[in-house]
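Work through the exercises below with the structure open. Try each task before you read its solution.

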Amino acid sequence: MTASRPQTPLLDTVDTPEDLRKLKPEQLRQLSDELRTEMIDAVGSTGGHLGSGLGVVELTTAIHYVFNTPEDRLIWDVGHQAYPHKILTGRRDRIRTLRQAGGLSGFTKRSESEYDPFGAAHSSTSISAGLGFAIANKLNDKPGKGIAVIGDGAMSAGMAYEAMNNAEQAGNRLVVILNDNDMSIAPPVGGLSAYLARMVSSSEYLGLRSLASKVAAKISRRVHHSLGKAEEYTRGLVTGGTLFEELGFYYVGPIDGHNLDHLIPVLENVRDSEQGPILVHVVTTKGKGYAPAEDSADKYHGVPKFDVVTGEKKKSAAGPPAYQNVFGETLAKLADSDSRICAITAAMPSGTGVDKFAAAHPDRAFDVGIAEQHGVTFAAGMAAQGMRPFAAIYSTFLQRAYDQVVHDVAIQNLPVRFAIDRAGLVGADGATHAGSFDVTYLASLPNFVVMAAADEAELAHMTHTAAEYDSGPIAFRYPRGNGVGVEIPETL
């Protein structure tokens, strides 16, 4: 019996998408498997975002294989899922410098590569940016599409819909790929998640629609219009209607985001279509292909260095408690005797310590999704009604709600409490996540009290002070990481 010859590694032959496009479609499965293995090994040695990148390995391969990047401008929303993209775009030799001084950014970065046309690290900006690229190319009669890959968690932010509501002028130059993995960092919240799960699509119907459009185009304008209305009604019955189509997008999906035999022809059709703008609904699994990530509650969203074979994370020596946990546990204790205390977070319950509060007071903990603007005004409404709301938001993300802080809180002198996590420098996450500006942008506002905790004991005291302060808005800032080891007071 003759032993089968081992496969020749394909990833070693691919330095750029141009190399990738020289492969045969049947080779892409092997390439994707090698790409996933390379990413796991790299993140095992550096730490970083793992689960999100594992979920888009096949999608990354398919996009670069089908579209003409970098002429077609590919924007990854947030960018933490872009490690496979970096490996395929000339940065494999530096992938083990991720999130280190002088190394690759953990997100997309314009100065790093021509394949990173737009820097990102905050969510829900991709469709607006992609629309900008698409319209600019259209106005200048240049080739090239804008392709935005956005997760279902990021679709909880209003900015995504603001962009889609203005996208019609881009025509077929704008492609939005909705990466529906049922999870951003925390499980997605709100009605949109269930809505996406209910959407269906029929390939037979789409084929009939294309044929009907060609026939209808040859008949009178009046009949064409009537048939269009009938077709829209019929499609509504078949699919239940989609919010995306109401916003002017042609919806395609859902599609298995790990099945290259399905992905490639669909993306080719989208590339060549005269319909537009188009939204492609792709269903993926966060952490796909690496059992420890698939089995983990957070799908190994962000991990320290770990053993690739076992998946065991390398633990740092035990030390003082993390600041976010000091805040969450202190607030939970205060809420035991004060029913007015509530906690609000924007998709970061564990990152802000609100998960600790929620475990003790689930009916008074609110995760509003990636919607900082709404979260701040929601807190303002609660404060105006006599509650004591704590808006626990990272410094870098609170920037996104600055108008609401000014207009809805400060000018009205409402007692919203701002627990500002990740204030100051944040290490490996880099400039996009550093809390560099909150002192300036809050201290200049009327009625605000701004405090900064020097240690975990001061943070506990400031949480208590904020709970009792009803004279106007109050904020207290504290860094990422662990305290300094001082004793935390039992009674405040």
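**Exercise 1.** Leaving aside its neighbours within four places in sequence, which residues is T61 in contact with? Then decide whether T61 is buried or exposed.

*Solution.* Note that the model is predicted. Step one: find T61 in helix α4, residues 57–66. Step two: skip the neighbours within four places and list the contacts, which are L20, L28, L31, S32, L35 and L88. Step three: check the accessibility. T61 has a relative accessibility of 0%. Buried means under 20%. T61 therefore counts as buried.

**Exercise 2.** Place F418 in its strand, and explain why F418 is classed as it is, buried or exposed. Then list its contacts beyond four places in sequence.

*Solution.* Step one: F418 sits in strand β11, which covers residues 417–421. Step two: its relative accessible area is 1%, so F418 is buried. Step three: collect the contacts, again without the neighbours within four places. F418 touches V376, A391, L398, V405, V409, F448, I474, A475 and F476. Step four: take one of these, A391, and look at the spacing. F418 and A391 lie 27 residues apart in sequence, yet their C-alpha atoms are 4.9 Å apart.

**Exercise 3.** How do strands β12 and β13 run, and how many bridges join them? Trace the chain from β12 to β13 and give the handedness of the crossover.

*Solution.* Step one: locate β12 at residues 449–452 and β13 at residues 474–477. Step two: the strands run parallel, and four bridges join them. Step three: pick V450 and find its bridge partner in β13, which is A475. Step four: follow the chain. From β12 it passes through helix α21, residues 456–468, and on to β13. This β-α-β crossover is right-handed. A475 also appears among the contacts of F418.

**Exercise 4.** How many cavities of 30 Å³ or more does the structure hold? Which residues line the second largest?

*Solution.* Step one: the count is three. Step two: the second largest cavity has about 50 Å³ of space. Step three: read off its lining, which is H64, T69, P70, D72, R73, L74, H85, E114, Y115 and P117.

**Exercise 5.** Describe the whole protein: how many helices and strands are there, and what share of residues is buried?

*Solution.* Step one: count 21 helices and 13 strands. Step two: of 492 residues, 53% count as buried. Step three: turn to the contacts with a separation of 6 or more. Residues 24 or more positions apart account for 75% of them. Step four: the protein exposes about 21900 Å², with 52% supplied by carbon and sulfur atoms.

How values were computed:
Residues numbered from 1 in each chain as written. Predicted model: local features only at pLDDT ≥ 70, side-chain atom pairs only at ≥ 80, totals over all residues. Heavy atoms only, no water. Helix = DSSP H or I, 4+ residues; strand = E, 2+ residues; numbered from the N terminus. Buried < 20%, exposed > 50% of the residue type's maximum accessible area, 1.4 Å probe, protein only. Contact = heavy atoms within 4.5 Å. Areas by Shrake-Rupley, 256 points an atom, 1.4 Å probe, with all protein chains shown as cover. Pairing = 2+ DSSP bridges. Right-handed = clockwise from strand over helix to strand, strands pointing away. 1 Å grid on protein atoms, 1.4 Å probe; cavity = no way out; pocket = protein on both sides within 12 Å on 5 of 7 lines; lining within 4 Å. Points joined across faces, edges and corners; volume = space filled by probe spheres on them.
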